[in-house]
Amino acid sequence: MKGTLPALLLAVGCAGVPQAAPLPPVEELPVRAERPDPLLMLDGRKVSTPEQWMKERRPELKALFQHYMYGYFPPPPGNVKAVIERADAACFGGKATLKEVTISFGPEAAPKISLLLVVPNKRPGPAPVVMGLNFQGNHSVVDDPKVALPKVWMRAGAGVKDNRATDEGRGKQRDAWSIEASVDRGYAVATFHNGDIDPDRHDWTDGIHPHYFKPGQTQPGPHDWGTIAAWAWGLHRVVDYLVTDNDIDPARIACFGHSRNGKTALLAAAFDERIALALPHQAGCGGTAPSRTKNPKAETVKVINKAFPHWFNDTFVKFDEQVERLPFDQHCLVALVAPRPVLFTNAVEDQWADPGGQFENLKAADPVYRLLGAGGMDAAAMPEVGGKLVDSTLGYWIRAGKHSTTPEDWKVFLDFCDKQLKKR
Ligand code: GCU
């Protein structure tokens with residue numbers, strides 16, 4: 001069949017993860033101007049049953065995303081340990097318990113995650129939780145002078161001096177997290193600074209990278225996984241912990257992230273079925289928006305690879321001038337989350353994140369959800385700005401305004417969680 005490739009033979013390593021699959025070089029991939037059909041295997045076979053999706057196409061897509069874009073995830077480390085450093089039951093005037101938890105894993109010297117977990121005190125049973133990365137440290141999301149400051153390199157921002165967190169940053173991201181409002185609605189919130197896993201700069205010598213090997217590599221050194229994959233893998237380690245915490249309902253773990261952290265939230269959900277629902281907010285290129293964008297104001301693959309060369313693997317840059325050769329587009333990443341719910345939220349002035357292209361991506365993932373009997377995207381056209389939340393299994397919402405996270409956004413996230421997590 002013209003334009004198809006031989007079936008993907010996965011060489012499966014001892015840990016059961018695909019290793020160095022014999023995939024064609026970028027220049028030999030077929031050119032496809034439109035989004036590839038998520039239900040069409042590389043060898044041209046059409047997926048027609050849920051079993052075929054789960055056993056054949058889903059693993060194929062996971063291998064493709066790792067090989068051509070995000071890099072390979074190392075296997076789960078298996079030695080995750082958690083130490084509760086502090087638990088304060090008087091948070092928000094006694095409405096919640098705030099815990100600071102150190103999560104360690106992997107080789108002795110690998111970085112550790114400092115998790116902030118806030119759990120409602122009054123609740124009918126274990127709480128659902130919204131988990132996500134923060135940009136500027138746990139101390140920035142609550143007003144609490146005791147929360148530890150991250151010690152690692154940090155991008156510039158409010159209260160950041162010489163790329164280090166300071167006390168001035170305390171509470172500065174409070175509105176972007178709305179933790180008290182989440183507690184009032186019965187949700188726990190879990191978050192850590194993305195730099196705990198990998199500082200957000202083009203440097204493979206810091207963070208988790210020097211501690212893990214690339215498939216086939218025999219000497220220690222930088223793995224070919226980019227920073228977004230490393231962050232997602234860090235979220236998986238938080239899930240390792242959350243499923244052991246009796247305050248948390250392991251069946252109701254939602255994953256949120258804004259922008260680069262939203263790209264990460266979607267990737268994390270795609271590769272970890274313990275994540276019940278994904279909330280990638282204004283995540284854009286390399287996450288929720290199409291690489292084959294038709295929006296002249298949207299970020300492109302070439303631009304993102306130039307500005308943030310560390311976010312993806314070494315291969316993704318080869319698509320800069322030929323995104324039509326990508327054997328997937330970002331609707332396939334959504335499809336990897338199926339049958340679990342996904343909500344894309346946007347702002348109309350944030351065309352950089354391509355809100356229209358994101359809506360089309362949800363529609364393009366819909367056939368996979370339908371095949372699995374999980375519902376899909378119920379809206380035929382994009383909803384109006386500031387209008388009703390489309391709360392089908394594939395959900396969408398767009399508000400007025402800019403690239404930011406507001407209390408209004410959190411209301412929508414939790415409305416979607418209320419509806420979709422109830423089914424579990
Ligand atoms: C830049 C980048 C986006 C990213 C955003 C963010 O604008 O181009 O891809 O989503 O930063 O993370 O805030």
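## Buried cysteines, no disulfides

A residue is called buried when its relative accessible area is under 20%, exposed when that area is over 50%, and partly exposed in between, using a 1.4 Å probe and protein chains only. By that yardstick, Cys332 is buried, at 0% relative accessibility. Cys285 is buried too, at 2%.

Before going on, a word about what you're looking at: this is a predicted model, where local features need pLDDT of at least 70, side-chain atom pairs count only at pLDDT 80 or more, and totals for chains, interfaces and linings use all residues. Residues are numbered from 1 along each chain as its sequence is written, and side-chain values use heavy atoms, with hydrogens and water left out.

Back to the cysteines. A disulfide is a covalent bond between the sulfur atoms of two cysteines; here the test is a pair of cysteine sulfur atoms within 2.5 Å. How many disulfides does a search of the whole structure find? Zero. Cys285 has no partner because the closest cysteine sulfur, in Cys332, is 15 Å away, too far for a bond. Seen from the other end, Cys332 is in no disulfide either, with the sulfur of Cys285 as its nearest cysteine sulfur.

## Around the ligand

Which residues surround the ligand, with a heavy atom within 4 Å of it? They are Ser259, Arg260, Lys263, Ala283, Glu299, Ile304, Phe308, Trp311, Trp352 and His403. Sorted by class, that shell has five nonpolar, two polar and three charged residues. For this sorting, Ala, Val, Leu, Ile, Met, Phe, Trp, Tyr, Cys and Pro count as nonpolar, Asp, Glu, Lys and Arg as charged, and the others, Gly among them, as polar.

Now zoom in on some oxygen atoms of the ligand. One is 2.6 Å from an N or O atom in the side chain of Arg260, and a ligand oxygen is also 2.6 Å from an N or O atom in the side chain of Glu299. For Lys263, a polar side-chain atom lies 2.8 Å from a ligand oxygen. Taken alone, the ligand exposes 320 Å², and the protein buries 83% of that (areas come from the Shrake-Rupley method with a 1.4 Å probe; for residues, only the protein chains shown count as cover).

## Val238 and its contacts

Val238 sits in helix α5 (helices, H or I with at least four residues, and strands, E with at least two, are DSSP runs numbered from the N terminus). Val238 counts as buried because its relative accessible area is 1%. Leaving aside neighbours within four places in sequence, Val238 is in contact (heavy atoms within 4.5 Å) with Ile103, Ile113, Leu115, Met131 and Phe192. Val238 and Leu115 are 123 residues apart in sequence, yet 7.8 Å apart in space, C-alpha to C-alpha.

## Some odd backbone spots

Most residues other than glycine have a negative phi, and most peptide bonds are trans. Asp162 isn't a glycine, but has a positive phi of about 50°. You'll find Asp162 in the loop between β7 (160–161) and β8 (164–165). Gln282 also has a positive phi of about 50° without being a glycine, and lies in the loop between β11 (277–281) and α7 (301–307).

Are these two buried or exposed? Asp162 is exposed, at 73%, whereas Gln282 is buried, at 1%. Then there's the cis peptide bond joining Ala338 and Pro339, with omega at about 5°. Pro339 is in the loop between α8 (330–337) and β12 (342–347).

Definitions and conventions: A residue is near a molecule or strand if one of its heavy atoms lies within 4 Å of it. A polar contact is a pair of N or O atoms within 3.5 Å; within protein, one must be able to donate a hydrogen and the other to accept it, and residues adjacent in sequence count only if both atoms are side-chain atoms.
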